[in-house]
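This report describes a single protein chain from its overall dimensions down to individual residues. The sequence and the model come first.

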Amino acid sequence: MFENISKNELRIKYKGIRNALNVATINELSDRIMDRLYETEIFNTSKEILTFINTKSEVNTSKLINHCFEINKKVAVPKVMGDEMKFYYISSFKDVKPGTMNILEPNGNDQNLCIPSKDSLMIMPGLVFDKYGGRIGYGGGFYDKYIDKYSEAGFLKAALCFYVQIYHGIIPIEKNDISPDYIITDKEIIRINNSERIL
């Protein structure tokens, strides 16, 4: 089951797979993912959503953000400053502008700073995942550092990805890599039990 493949090789391979999806497919699959997310208890019992804003071939989270606005659920999105990431509340897409790597980011006023709690649900991005909670992001480690910093808050983490981003092997992970609690795809919801991970 384990292949001798590096994280960087997996990152390149699955970025190519995801980038091959056309806009219509991305939107259709994103709708399926959001439908699954909206039916979950973790979404419906959360008071606020900490989510990335999608770019290019990622799952379309603008659908999620707009839905949260409609149902009056608080939304916070990330801003990268140096080697640190912070989340800030937004009330509309007028509160974001192009920032690092031309990705939409919040203005980042201190009064809008989000400090996560047990009532928060974090939505994680990524390039490739396995069914044991292994995750490969873009290499910056921002989510791992942020989650570790606020680990005592006790919030849950759900990764959103297309099913084609699931690696049917075991991703080589390091001690600082943090797994999502759930992976939600267009085909299934995977609940991660780290005790079942085979190393």
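The text below covers the chain as a whole, then its paired strands, one helix, two buried charged residues and two loop residues.

## The chain as a whole

The model is predicted. It contains 5 helices and 11 strands. The radius of gyration is 16 Å, which agrees with the value near 16 Å that a compact globule of 199 residues would have. Taken along the principal axes, the C-alpha atoms fill a box of roughly 50 × 40 × 35 Å.

Of the 199 residues, 47% count as buried. The chain exposes about 10,400 Å², and carbon and sulfur atoms supply 48% of that area. Among contacts with a separation of 6 or more, 72% are between residues 24 or more positions apart.

## Strands β1, β2, β6 and β9

Strand β1 spans residues 48-51, and β2 spans residues 74-81. Strand β6 covers 120-124 and β9 covers 156-160. The pairings among these strands are listed here, each with one facing pair of residues.

| Strands | Sense | Bridges | Facing residues |
|---|---|---|---|
| β1 and β2 | parallel | 3 bridges | L50 and A76 |
| β1 and β6 | parallel | 4 bridges | I49 and L121 |
| β6 and β9 | parallel | 4 bridges | M124 and A159 |

Strand β1 thus pairs with β2 and also with β6, while β6 pairs in addition with β9.

In a regular strand the side chains alternate between the two faces of the sheet. In β1, E48 and L50 point one way and I49 and T51 the other way, and all of them are buried. In β6, S120, M122 and M124 point one way, L121 and I123 point the other way, and all are buried. Because 5 of the 5 residues of β6 are buried, this strand is largely enclosed by the rest of the structure.

## Helix α2

Helix α2 is made of 16 residues, 23-38, and reaches 22 Å from its first C-alpha to its last. That span is close to the 22 Å expected at 1.5 Å a residue. At the start of the helix, a side-chain oxygen of N22 comes to within 3.2 Å of the backbone nitrogen of A24.

The buried residues of α2 are I26, L29, S30, I33, M34, L37 and Y38. Their packing partners include the helices α3 (41-44) and α4. The same buried residues also pack against the strands β6, β9 and β10 (182-184). Two of these strands, β6 and β9, are paired with each other.

## Two buried charged residues

Are K157 and E105 buried or exposed? K157 counts as buried because its relative accessibility is 9%, under the 20% cut-off. E105 is also buried, with a relative accessible area of 7%.

K157 lies in strand β9. Leaving aside residues up to four places away in sequence, K157 touches L121, M122 and M124, which belong to β6. The other residues touched by K157 are I147, I178, S179, P180, D181 and Y182.

E105 lies in strand β5, residues 104-106. With residues up to four places away in sequence left out, E105 touches P78, K79, V80, D95, V96, K97, G99 and T100. A polar atom of the E105 side chain lies 3.3 Å from the backbone nitrogen of V80. The C-alpha atom of E105 is separated by 24 Å from that of Y38, 67 residues apart along the chain; Y38 is one of the buried residues of α2.

## Two loop residues with positive phi

Most residues other than glycine have a negative phi, and most peptide bonds are trans. K56 has a positive phi near 50 degrees. N72 likewise has a positive phi, of about 60 degrees, although it is not a glycine.

Where do K56 and N72 lie? K56 is in the loop between β1 and α4 (62-70). N72 is in the loop between α4 and β2. K56 counts as exposed because its relative accessibility is 80%. N72, at 72% relative accessibility, also counts as exposed.

Methods
Residues are numbered from 1 along each chain as its sequence is written. This is a predicted model: local features need pLDDT of at least 70, side-chain atom pairs count only at pLDDT 80 or more; totals for chains, interfaces and linings use all residues. Side-chain values use heavy atoms; hydrogens and water are left out. Helices (H or I, at least four residues) and strands (E, at least two) are DSSP runs, numbered from the N terminus. Buried means under 20% relative accessible area, exposed over 50%, partly exposed in between (1.4 Å probe, protein chains only). The expected span of a helix is 1.5 Å times one less than its number of residues. Contact means heavy atoms within 4.5 Å. A polar contact is a pair of N or O atoms within 3.5 Å; within protein, one must be able to donate a hydrogen and the other to accept it, and residues adjacent in sequence count only if both atoms are side-chain atoms. The radius of gyration is taken over C-alpha atoms; the globule rule is 2.2 Å times the number of residues to the power 0.38. Accessible areas come from the Shrake-Rupley method with a 1.4 Å probe; for residues, only the protein chains shown count as cover. Two strands pair if DSSP finds at least two bridges between them.
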